[in-house]
Amino acid sequence: MTDTSIKPLDGVRVLELGNYIAAPTAGRLLADFGAEVIKIERPATGDELRNWRLYKGTTSMLFRTINRNKKSVTLDLRSEAGREAVKGLVAESDVLLENFRPGTLEKWGLGPDVLNELNPELVISRISAFGQTGPLSQRPGFAAVAEAYGGFRNLVGDPDRAPVRVGVSIGDSIAGLYAAFGVVMSLFQREVRRGPDSSSQGVPLRERIIDVALHEVMFSMMESLIPDYQAYGITRERLGGRMEGIAPSNAYVCSDGASIVVAGNGDSIYQRYMTTIGRPDLGADPHLQTNAQRWARREELDAAIGEWAAARTSVEALEVLDAAGVPAGPILTAADISDDEQYAARNMIQKMDVSTGDETLTDVGFPGIVPVIGEESLPIDHLGPDLGANTHEVLGGLLGLTAEQIAAASTTEERLSA
């Protein structure tokens, strides 16, 4: 039975000014573990993610997923009333998340110095393409550009073709992870500084600004790319399904057309692996006993493994490899994951009713909360909210604004003058 009382961040209030994926991912992570996340959206249109991969209705499943467990408040930050409402929320919050182009908050009169005057303990997480400082800091850029600048894109794809991108917004998502991690670190530091008698020594503003650059988060994933280059002059290249210096480890096509991934590169595993595929000669070869030796003959090894896999269905191949203790697995599709017992056992596919904006679909599976605390994923409280669903609740209940004041703050100037 899932324990719904596990909320490590209960009592933390987060003000999310983010759009798209990066800052909203940070907000989702914090909300998943109990933080109250108030998402500020533009009136009328809201977060542009509402229209990304919109197959039906007015609100995409992508938005419902990334903005789960949050509250939606509409405010027009171009208006004085909207900015004043944000200032009021800042004073009542622990964290502010944003992923605007550097200088945007300052242009609105909401820069860190102003925010700090409103709330001297506020943690400010800022996500941008190239960070808040440096010669490229003012340059706009989405994660695709940052993935390329961080060295990641150069290693994705086949060596004889142009680099490709992976099928998800990996740069934005990793940036969200780092932003959430930075926020939790800063909140922890605040509690430590307070000491056992709850007297606060204060954390300087510069230590409460979490500056996340998209290109740097991707660069941080590049392992020893730079040390290898600077120490040995090694330049890594695109290798398709392989990983530089690791063999044999690749994907192989089976007789049923499905592919499997086999990671048999450990020295002891390699011996069992070669025996399993009927090539003990390769396992015993004195010139194939180390990873470096096997990497030099990767084409030969992959050809032998590919021939073996092609003669079996994916199910047959995986059964044989599993029995031999060789790490291998299927390449799952959405349909496969939907029916998988491992995901089900840990509550990683959670069924919920969801509105498209035009109709309600029942029992739609959504990804669970990671990491697991206890034995299975914590339950999702609610999916990404309808636009402005919590505007009156938050602005009226938390700030005490009247209906007229709420209308002035959450309606665009164009609509007011129409």
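Domain bounds, as I use them here, come from an automatic or database domain assignment. For this protein the assignment gives domain 1 (13-222 + 353-410) and domain 2 (249-334). I note at the outset that the model is a predicted one.

**Entry 1: overall layout.** I looked up the extent of the C-alpha trace and found that it spans about 80 × 50 × 50 Å along its principal axes. The C-alpha centres of domain 1 and domain 2 are 43 Å apart. I recorded 19 helices and 11 strands for the protein. Of its 418 residues, 44% count as buried. I then turned to contacts between residues at least 6 apart in sequence, of which 68% join residues at least 24 apart.

**Entry 2: the nonpolar cores.** Which residues touch the most other members of the largest nonpolar core? I found Val14, Leu30, Val95 and Ile127, in a core of 40 residues. I listed the elements that give two or more residues to this core: helix 1 (22-32), helix 7 (170-194) and helix 8 (214-219), together with strand 4 (95-98), strand 5 (123-128), strand 6 (209-213) and strand 10 (349-355). Another core, of 24 residues, lies apart from this one and includes Leu17, Ala85, Leu110 and Leu122. As general background, I recall that nonpolar side chains tend to be buried together in soluble globular proteins.

**Entry 3: Val95 and Val183.** I set aside residues up to four places away in sequence and looked up what Val95 touches: Val12, Arg13, Val14, Leu15, Leu122, Val123, Val183 and Leu187. I followed one of these partners, Val183, which lies in helix 7. Is Val183 buried or exposed? Its relative accessibility is 1%, and under 20% means buried, so Val183 counts as buried. With the neighbours up to four places away again left out, Val183 touches Leu30, Val95, Leu97, Val123, Ser125 and Ile210. I also checked Val183 against Ile260, 77 residues apart along the chain, and found their C-alpha atoms separated by 39 Å.

**Entry 4: helix 1 and Val37.** I went through helix 1 residue by residue. Because 11 of its 11 residues are buried, helix 1 is largely enclosed by the rest of the structure. The buried residues of helix 1 include Arg28 and Asp32 as well as Leu29 and Leu30. Just after helix 1, I noted that Gly34 takes a positive phi of about 110 degrees. I moved on to Val37, whose place is in strand 2 (residues 36-41). Val37 counts as buried because its relative accessibility is 1%. Leaving aside neighbours within four places in sequence, I found Val37 in contact with Val14, Glu16, Gly27, Leu30, Ala31, Lys70 and Lys71. The C-alpha atoms of Val37 and Leu96 are separated by 9.6 Å, with their positions 59 residues apart along the chain.

**Entry 5: helix 10 and helix 13.** How do the axes of helix 10 (residues 267-276) and helix 13 (residues 298-310) cross? I found that they come within 10 Å and cross at roughly 45 degrees. Helix 10 is therefore oblique to helix 13. I looked up which residues make the contact: Tyr270, Tyr273, Met274 and Thr276 from helix 10, and Leu301, Ile305 and Trp308 from helix 13. By class, I counted 6 nonpolar, 1 polar and no charged residues in this contact.

How values were computed
Residues are numbered from 1 along each chain as its sequence is written. This is a predicted model: local features need pLDDT of at least 70, side-chain atom pairs count only at pLDDT 80 or more; totals for chains, interfaces and linings use all residues. Side-chain values use heavy atoms; hydrogens and water are left out. A nonpolar core is a set of buried Ala, Val, Leu, Ile, Met, Phe, Trp, Tyr and Cys residues joined through side-chain atoms within 4.5 Å. Buried means under 20% relative accessible area, exposed over 50%, partly exposed in between (1.4 Å probe, protein chains only). Helices (H or I, at least four residues) and strands (E, at least two) are DSSP runs, numbered from the N terminus. Contact means heavy atoms within 4.5 Å. Axes are lines fitted to C-alpha atoms, for helices over the stretch in contact, and angles run from 0 to 180 degrees between N-to-C directions. Angles under 35 degrees count as roughly parallel, over 145 as roughly antiparallel, 65 to 115 as roughly perpendicular and the rest as oblique. Ala, Val, Leu, Ile, Met, Phe, Trp, Tyr, Cys and Pro count as nonpolar, Asp, Glu, Lys and Arg as charged, and the others, Gly among them, as polar.
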